[in-house]
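Subject: Model for you to look at, with notes on helix packing and a cavity

Dear colleague,

I am passing on the structure below, and my notes follow it. Please read them with the coordinates open beside you.

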Amino acid sequence: MDRRKSAALALLSFAMLIVSLDQYIVVVALPEIGRELGYSAHTLQSVISAYAIASSGFLLFGGRAADVLGRRRMLMTGLALYGVASLAGGLATGPAWQLTARAVQGLGGALVFPSTLAIINTMFVEGRDRNRALGIWGGSGAAGLVIGVLLGGALTRLFGWEAVFFVNLPLVGVALLLAVPLLDGGRPEVRRLFDLPGALTATGAVTLLVFALVQGPALDWSILVGISVIAVVLLVAFVGIERRSPDPLVPPNLLRNRVLVVALVIAFLFMATFGSLLYFLSLYFQDVRGYDPLQTGLGFLLPTAVVVAGSTIAGQAVTRFGLRRTLLTALAVGAAGAVVLGLGLSADGSYVVLVPGLVLVSIGDGAVFTMMFIAAATGVPDRKQGVASGLVSTSSGIGASVGLAVLVLVANAHTSGLVGEELRLAAADGIRTTVFVIGAGIVLTLLFALRLRKPAAVCS
């Protein structure tokens with residue numbers, strides 16, 4: 001790998017780290033945010049869901065924009081939105097202002113995520129070089145999810161909740177300054193239509209679907225049904241538009257790539273399982289074990305190191321042993337880790353008891369994160385890498401929302417009306433059950449991964 005490509009990869013990995021951080025950096029700051037800004041117990045979770053809804057809804061749009069308008073341009077636009085929204089979120093004096101800022105952060109992330117992935121997939125040739133590059137990029141992304149909890153705890157403890165927003169400003173500033181000299185600003189070789197009707201209907205359908213999944217328990221059933229109906233209507237309209245479009249947002253032959261389709265399913269299930277685990281571990285450390293934000297963050301030091309290692313070596317392992325074999329092994333390790341971790345979770349157990357499970361599940365987490373993106377890029381031509389990246393990231397975003405919505409119900413199934421010690425004990429039991437359900441979900445992911453085969457031909 002030459003020096004210029006190495007520098008560009010470092011920048012893209014850094015940009016990926018920035019957007020990954022904010023998915024969980026606010027988790028340990030939520031109690032303090034709720035107290036100071038006046039969130040109710042039912043609306044506090046919206047600080048996380050506002051980001052998830054906007055990000056999931058616009059990822060496919062972001063992927064198409066990267067292909068049509070230029071990948072570096074969309075990356076820089078997304079980073080700029082991210083920085084402005086982070087400043088607004090830290091200065092917020094009430095929920096409405098802050099939730100709007102979080103939604104704009106999600107939009108920025110939806111432009112950055114597929115742009116970084118598409119640039120890497122077009123910069124590096126499929127095979128060893130791309131696998132290695134995606135291993136480094138994936139390590140940054142997977143680590144960002146865990147580092148977000150660690151950094152959020154430290155910043156909240158030392159400087160207050162505002163710091164979890166303001167920390168993005170210098171990070172975004174550095175990335176923007178380096179983007180122009182390090183990244184190629186050229187447009188795609190083949191001029192394409194944007195397919196605005198398709199982009200708008202797809203974005204609307206996914207946004208409303210994720211909103212219904214995330215906010216469903218807090219909504220009146222009639223409102224929930226209405227939102228769901230509109231989402232379905234938009235989805236049907238999207239399918240009709242795509243069939244008539246001369247240059248559809250999602251080319252039909254792209255979905256004939258079996259590896260890509262399996263990658264979409266794996267990305268959905270990955271975020272519904274591995275991706276949800278951090279949230280429940282954070283609750284366990286704080287609500288069951290009584291850790292403060294800094295202690296909670298320190299509890300994630302070990303998994304962070306393992307996730308980074310797993311993601312980084314995954315690309316090299318794929319080159320040596322093949323995608324299917326490596327992916328199945330990582331999923332098996334992750335499933336075993338979830339079971340071991342669940343057995344170690346208790347109301348009064350020690351952190352040391354959790355270590356074996358944390359190590360195993362983190363190996364699987366980091367490795368699978370990288371490999372699902374390697375799979376999604378396999379057999380996809382350069383001119384469609386942005387859309388492919390948008391598809392897999394959209395699938396992962398929806399999976400995160402669906403998984404968290406379902407698993408929260410599992411975790412809270414027997415906590416209603418309880419207070420004090422009874423609530424703490426019930427919360428511990430609920431989280432342990434949830435981790436076992438996550439393990440079952442990882443096994444389901446493994447079954448889908450068995451269908452992974454090399455594509456017969458490259459999509460044109």
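In these notes, two helices count as roughly antiparallel when the angle between their N-to-C directions is over 145 degrees. Please keep in mind throughout that this is a predicted model.

With that cut-off in hand, helix α1 and helix α8 (residues 168-182) pack at an angle of about 150°, their axes lying 10 Å apart, and the two are therefore roughly antiparallel to each other. Their crossing is left-handed. On the α1 side the contact is made by Arg 4, Ala 7, Ala 8, Leu 11, Phe 14, Ile 18, Leu 21 and Asp 22, while α8 contributes Asn 168, Leu 171, Val 172, Val 174, Ala 175, Leu 178, Ala 179, Pro 181 and Leu 182. Sorted by class, the residues of this contact comprise 14 nonpolar, one polar and two charged.

Helix α1 (residues 3-24) also packs with helix α5 (residues 95-123), again at an angle of about 150°, with the axes 9 Å apart, which makes α1 roughly antiparallel to α5. This crossing, too, is left-handed. Among the residues that α1 brings to the contact are Leu 9, Leu 12, Met 16 and Val 19, and those from α5 include Val 112, Phe 113, Ile 119 and Ile 120. The contact of α1 with α5 has eleven nonpolar, three polar and three charged residues.

A further partner of α5 is helix α4 (residues 71-91), which packs with α5 at an angle of about 155°, the axes being 7 Å apart, so that α4 is roughly antiparallel to α5. Here as well α4 passes α5 in a left-handed crossing, and the residues of the contact divide into 16 nonpolar, eleven polar and two charged.

Turning to the interior, the count comes to one cavity of 30 Å³ or more, and the largest cavity has a volume of about 80 Å³. Its lining is formed by Val 146, Phe 274, Leu 277, Leu 278, Leu 281, Phe 300, Pro 303, Val 307, Leu 358, Val 361, Ser 362 and Asp 365. The elements giving two or more residues to that lining are α11 (258-288), α13 (301-321) and α15 (351-377). By class, the lining of the largest cavity has ten nonpolar residues, one polar and one charged.

With best wishes

Key
Residues numbered from 1 in each chain as written. Predicted model: local features only at pLDDT ≥ 70, side-chain atom pairs only at ≥ 80, totals over all residues. Heavy atoms only, no water. Axes fitted to C-alpha atoms, helices over the stretch in contact; angles between N-to-C directions. Helix = DSSP H or I, 4+ residues; strand = E, 2+ residues; numbered from the N terminus. Parallel < 35°, antiparallel > 145°, perpendicular 65-115°, else oblique. Left-handed = near helix turned anticlockwise from the far one by under 90°. Contact = heavy atoms within 4.5 Å. Nonpolar A, V, L, I, M, F, W, Y, C, P; charged D, E, K, R; others polar. 1 Å grid on protein atoms, 1.4 Å probe; cavity = no way out; pocket = protein on both sides within 12 Å on 5 of 7 lines; lining within 4 Å. Points joined across faces, edges and corners; volume = space filled by probe spheres on them.
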